[in-house]
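Please walk through this structure with me, from its pocket to its sheet and on to a few single residues.

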Amino acid sequence: MAGQQGNRESEAGRRRGWMLVMVASLGALIALAGRWKTPSLPPGQEEVQVPLPRWRYDTPEMPWAVADLALHDGSTPGLPLLLSLGGVVFDVTAGDRFYGPGGPYHCFLAKPVSRALALGSLDPDDISKGDDVADFSDADHEELRERVRFYRNKYQTVGVLEESPLRGHFPA
């Protein structure tokens with residue numbers, strides 16, 4: 001019996017020892033955490049806030065403002081190349097050799113270009129008229145429908161242009 005009691009006492013002593021080690025370790029961690037400081041910036045320098053992306057490129061119903069679309073012209077690394085056709089916003093990054101900076105269709109990027117694409121025009125006047133198709137003939141409207149179908153089959157739809165008079169005319 002005396003042997004069993006000695007084993008119990010030594011086991012209890014080991015437990016107390018482990019408890020002391022754990023409490024001491026926890027205390028040391030808390031003390032270190034109190035000393036940990038976030039590095040401060042030099043005087044006169046402000047912290048730069050990196051904005052969170054406000055756009056989603058995987059939602060065909062995402063509403064796009066013309067001002068937001070205008071930022072997707074290939075001048076900002078990491079942003080996709082976008083254009084709007086028929087009130088639908090397309091990601092044309094896959095065709096970057098055509099739409100990217102220096103490409104033959106770069107002029108269509110980052111803006112509504114329904115008129116110019118339906119007419120097959122590179123004329124700056126047609127490009128600047130965006131989605132103004134009020135004077136289109138039936139054949140011109142059919143060509144616009146065909147262009148929208150072509151882009152839907154070739155490129156990813158990433159949203160709809162809020163300010164477009166054609167918004168909703170070309171549902172998926």
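In this predicted model, two helices, α3 (96-99) and α6 (138-154), each contribute at least two residues to the lining of the largest pocket. The largest contribution comes from α6, which gives four residues to that lining. The volume of the largest pocket is about 190 Å³. Its lining consists of 13 residues, and those closest to the centre are Tyr 99, Tyr 105, Leu 117, Arg 147 and Tyr 151. By residue type, the lining of the largest pocket holds nine nonpolar, two polar and two charged residues.

Leu 117 is one of the residues closest to the pocket centre, and its surroundings can be followed further. Leu 117 sits in helix α4, which covers residues 114-119. Its relative accessibility is 4%, so Leu 117 counts as buried, the cut-off for that class being under 20%. Once residues up to four places away in sequence are set aside, Leu 117 touches Leu 83, Leu 85, Phe 108, Arg 147 and Tyr 151. Arg 147 and Tyr 151 are also among the residues closest to the centre of the largest pocket. Along the chain, Leu 117 and Arg 147 are 30 residues apart, while their C-alpha atoms are separated by 7.2 Å.

Two of the contacts of Leu 117, Leu 83 and Leu 85, lead on to the sheet. Leu 83 and Leu 85 point one way from β2, and Leu 82 and Ser 84 point the other way. These four residues of β2 are all buried. Strand β2 covers residues 82-85 and pairs with β3 in the antiparallel sense, over four bridges. In this pairing, Leu 85 is placed opposite Val 88 of β3. The hairpin that β2 and β3 form has two residues between the strands, and Gly 86 there takes a positive phi near 65°.

Strand β3 spans residues 88-91, and both of its faces are covered. Val 88 and Phe 90 lie on one side, Val 89 and Asp 91 on the other, and all of them are buried. Besides β2, β3 is joined by four bridges to β4 (residues 156-161), with β3 and β4 running antiparallel. Here Asp 91 is found opposite Gln 156 of β4.

How are the four strands ordered in the open sheet? The order is β1-β4-β3-β2, and the pairing is mixed. β1 (63-64) and β2 each have a single partner strand because they stand at the edges, so one side of each has no neighbour in the sheet. Strands of a sheet pair through backbone hydrogen bonds, in either a parallel or an antiparallel arrangement. Helix α6, which gives the most to the lining of the largest pocket, lies across β2, β3 and β4. The helix runs at about 145° to β2.

The sheet and helices can now be placed in the chain as a whole. The protein chain has six helices and four strands. Starting from the N terminus, its elements follow the pattern α-β-α-β-β-α-α-α-α-β. Of the 172 residues in the chain, 31% are buried. Among contacts with a separation of 6 or more, 55% are between residues 24 or more positions apart.

Two residues outside the helices and strands remain to be described. Ala 110 is located in the loop between α3 and α4. Its phi is near 65°, a positive value in a residue other than glycine. With a relative accessibility of 7%, Ala 110 counts as buried.

Glu 162 belongs to the segment after β4. Is Glu 162 buried, partly exposed or exposed? Its relative accessible area is 40%, so Glu 162 is partly exposed. Apart from neighbours within four places in sequence, Glu 162 is in contact with Pro 63, Trp 64, Ala 65 and Arg 167. Residues 63-64 form β1, one of the strands at the edges of the sheet. Between the C-alpha atoms of Glu 162 and Val 89 the separation is 9.9 Å, although these residues are 73 residues apart along the chain.

Technical notes
Residues numbered from 1 in each chain as written. Predicted model: local features only at pLDDT ≥ 70, side-chain atom pairs only at ≥ 80, totals over all residues. Heavy atoms only, no water. 1 Å grid on protein atoms, 1.4 Å probe; cavity = no way out; pocket = protein on both sides within 12 Å on 5 of 7 lines; lining within 4 Å. Points joined across faces, edges and corners; volume = space filled by probe spheres on them. Nonpolar A, V, L, I, M, F, W, Y, C, P; charged D, E, K, R; others polar. Buried < 20%, exposed > 50% of the residue type's maximum accessible area, 1.4 Å probe, protein only. Pairing = 2+ DSSP bridges. Contact = heavy atoms within 4.5 Å. Axes fitted to C-alpha atoms, helices over the stretch in contact; angles between N-to-C directions.
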